[in-house]
Amino acid sequence: MYLSVIEMEKILNKEKDLYKKIYDLEVEKSDAIFNKDGKQIESISILQEEYLNDISKLEARRLEEINSYIKKNNLNDLPQHITLKDVITAMDEDSSHHLMRIGLELKTIITNLKSVKDTNETLLN
């Protein structure tokens, strides 16, 4: 596997872990909302914001790795706004399976997070 692929995998795993932490905090926030604990809600929100900042930095690194992979493999015919899926389709089978699995796990966590977040927003209104 290319170094940029290995690095993308590491970055995606870190993002996945951070989103899981945000999800767990959102579930905690549900309890805080039920208990009308404003201080806990605020402290959870601050921690979530820190994780989101970390994710933003990881996203920038991931885009750098994608661009590096494209240059090393002369894949300049990919769309200008490249997604992980675009890169996966251009990879060898082994690399693509690793990244696709992590990407699907990440997508599942984000979908679950959105569901809990929507519920919490409804409870707060």
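Residue E26 lies in helix α1 of this predicted model. Its relative accessibility is 3%, so E26 counts as buried, the cut-off being under 20%. Setting aside neighbours within four places in sequence, E26 is in contact with Q48, L113, V116, K117 and N120.

With that residue as a starting point, the overall fold can be introduced. The chain contains four helices and zero strands, and the pattern along the sequence reads α-α-α-α. The radius of gyration is 18 Å, well over the 14 Å given by the globule rule for 125 residues, so the chain is more spread out than a compact globule. The dimensions of the C-alpha trace can be set beside this value: along the principal axes of the chain, the trace spans about 55 × 25 × 20 Å.

How much of the chain is buried? Of the 125 residues, 38% fall in the buried class. The surface exposed by the chain comes to about 8,100 Å², and 53% of this area is supplied by carbon and sulfur atoms. As for contacts between residues at least 6 apart in sequence, 69% of them join residues that are at least 24 apart. The chain carries 18 positive and 24 negative charges, and the mean positions of these two sets are 1 Å apart.

The interior comes next. In soluble globular proteins, nonpolar side chains tend to be buried together. In this model, the largest nonpolar core has 24 residues, among which M8, Y19, M91 and L99 touch the most other members. At least two residues of this core come from each of α1 (3-34), α2 (38-72), α3 (84-90) and α4 (93-124). Helix α1 gives the most, with eight residues. Which residues does Y19 touch, not counting those up to four places away in sequence? The partners of Y19 are I55, L106, I109, I110 and L113. L113 is thus a shared name in two of the lists given here, being touched by Y19 and also in contact with E26.

Helix α4 offers two residues that can be viewed side by side. One of them, S95, has its place in α4 and counts as buried, because its relative accessibility is 1%. The C-alpha atoms of S95 and Y69 are separated by 12 Å, and these two residues are 26 residues apart along the chain. The other, N112, is also found in helix α4. N112 counts as partly exposed because its relative accessibility is 38%, which lies between the 20% and 50% cut-offs. From N112 to Y51 the C-alpha to C-alpha distance is 17 Å, with their positions 61 residues apart in sequence.

Finally, a loop residue deserves a look. Where is K36 found? K36 sits in the loop between α1 and α2. Is K36 buried or exposed? At 74% relative accessibility, K36 is over the 50% cut-off and therefore counts as exposed. The backbone at K36 has a positive phi of about 55°, although this residue is not a glycine.

Notes:
Residues are numbered from 1 along each chain as its sequence is written. This is a predicted model: local features need pLDDT of at least 70, side-chain atom pairs count only at pLDDT 80 or more; totals for chains, interfaces and linings use all residues. Side-chain values use heavy atoms; hydrogens and water are left out. A nonpolar core is a set of buried Ala, Val, Leu, Ile, Met, Phe, Trp, Tyr and Cys residues joined through side-chain atoms within 4.5 Å. Buried means under 20% relative accessible area, exposed over 50%, partly exposed in between (1.4 Å probe, protein chains only). Contact means heavy atoms within 4.5 Å. The radius of gyration is taken over C-alpha atoms; the globule rule is 2.2 Å times the number of residues to the power 0.38. Accessible areas come from the Shrake-Rupley method with a 1.4 Å probe; for residues, only the protein chains shown count as cover. Lys and Arg count as positive and Asp and Glu as negative; His and the chain ends are not counted. The place of a charge is taken as NZ of Lys, CZ of Arg, CG of Asp or CD of Glu.
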